[in-house]
Amino acid sequence: MAEGLTPASRIRQHVSVALSSLLSFAPACSSTTLLAYPLPGGEHDVAVVERGGEHWVLTPQEQYGPFAEVALDATRISPDGRRLAWAASAGDHWRVYLDGKPGPPWDGVAELRWSPTSRGVVYAAKDGAGWRVVTARGIGPRHDALASGSLRACGDSAAYVALVLFVGARLLAR
């Protein structure tokens, strides 16, 4: 990274050059850019835009949407820079989209993390009054709560580490 440039200023600098090509993939009307991820070479740029009250996830190859909302803090490019995951709501439920393919519906989604190998994601999914950890291999048991920031993917994302909180002040590490 160029000395003196923060990630945010680097994004703004890059977006001013590259975003115009991304926006040509979205429906025509005025838009507000909510998030942009520039990557080296510019061929895997990602933008989240709002147009007419709808949210869109844009790449140079595809446009995904419309969504009622896209969770900006849960929009992630894989460590190898080749894959994209995001959480979005198209109504009453949230889904995690992995390379454009929607996962199951949930009441909420948090802690979206890529595995170190970029093979899959791990995330916390709100299921009624509890939370479940979702991995490439499936959906874990319901927990009362997960400690914020504790979810970590291990290996290929089939394994995870999280601090699980139970009502009654019992703590259990998985």
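**View 1. Antiparallel pairing of strands β11 and β12 in the predicted model.** Strand β11, residues 121–127, pairs with β12 in the antiparallel sense, and five bridges join the two. One position to inspect is Ala-124, which stands opposite Val-133 of β12. The two strands form a hairpin, with two residues between them. Gly-128 is in the turn and has a positive phi of about 65°.

**View 2. Val-122 and Val-134.** Val-122 belongs to strand β11. Its relative accessibility is 0%, so Val-122 counts as buried. Val-122 and Val-134 are 12 residues apart along the chain, and their C-alpha atoms are separated by 5.6 Å. On the β13 side, Val-134 has Ile-139 as its bridge partner.

**View 3. Hairpin of strands β12 and β13.** Strand β13 covers residues 138–139 and runs antiparallel to β12, to which two bridges join it. Thr-135 has Gly-138 of β13 as its bridge partner, and Val-134 has Ile-139. Two residues lie between the strands of this hairpin.

**View 4. Strand β12 within its sheet.** Strands β10, β11, β12 and β13 form an open sheet in that order, with antiparallel pairing. The edge strands are β10, residues 108–114, and β13, each of which pairs on one side only. Strand β12 spans residues 130–135, and five of its six residues are buried, so the strand is largely enclosed by the rest of the structure. The cut-off for buried is under 20% relative accessible area.

**View 5. Aromatic pair of Tyr-64 and Trp-86.** Four aromatic pairs are found in a search of the whole structure. In one of them, the ring centres of Tyr-64 and Trp-86 are 5.0 Å apart and the planes are at 50°, so the pair is tilted. Planes under 30 degrees apart would count as stacked and those over 60 as edge-to-face. Tyr-64 is in strand β4 (residues 63–67) and Trp-86 in strand β7 (residues 84–89); the pair therefore ties together parts that are 22 residues apart in sequence.

**View 6. Trp-86 and Tyr-97 in the aromatic cluster.** Trp-86 has 0% relative accessibility and so counts as buried. The ring centres of Trp-86 and Tyr-97 lie 5.3 Å apart, and the planes are at 5°, so this pair is stacked. Strand β7 holds Trp-86 and strand β8 (residues 94–98) holds Tyr-97, so the pair ties together parts that are 11 residues apart in sequence. Tyr-97 also counts as buried, because its relative accessibility is 11%. Ring pairs link Trp-86 and Tyr-97 with Tyr-64 and Phe-67 into a cluster.

**View 7. His-55 and its contact with Ala-68.** His-55 is located in strand β3, which covers residues 54–58. This residue is buried, with a relative accessible area of 11%. The His-55 side chain reaches the backbone oxygen of Ala-68 at 2.9 Å. This distance falls within the 3.5 Å cut-off for a polar contact.

Note on methods. Residues are numbered from 1 along each chain as its sequence is written. This is a predicted model: local features need pLDDT of at least 70, side-chain atom pairs count only at pLDDT 80 or more; totals for chains, interfaces and linings use all residues. Side-chain values use heavy atoms; hydrogens and water are left out. Buried means under 20% relative accessible area, exposed over 50%, partly exposed in between (1.4 Å probe, protein chains only). Helices (H or I, at least four residues) and strands (E, at least two) are DSSP runs, numbered from the N terminus. Two strands pair if DSSP finds at least two bridges between them. A polar contact is a pair of N or O atoms within 3.5 Å; within protein, one must be able to donate a hydrogen and the other to accept it, and residues adjacent in sequence count only if both atoms are side-chain atoms. Rings of Phe, Tyr and Trp (its six-membered ring) pair if their centres lie within 6.5 Å; planes under 30 degrees apart count as stacked, over 60 as edge-to-face and the rest as tilted.
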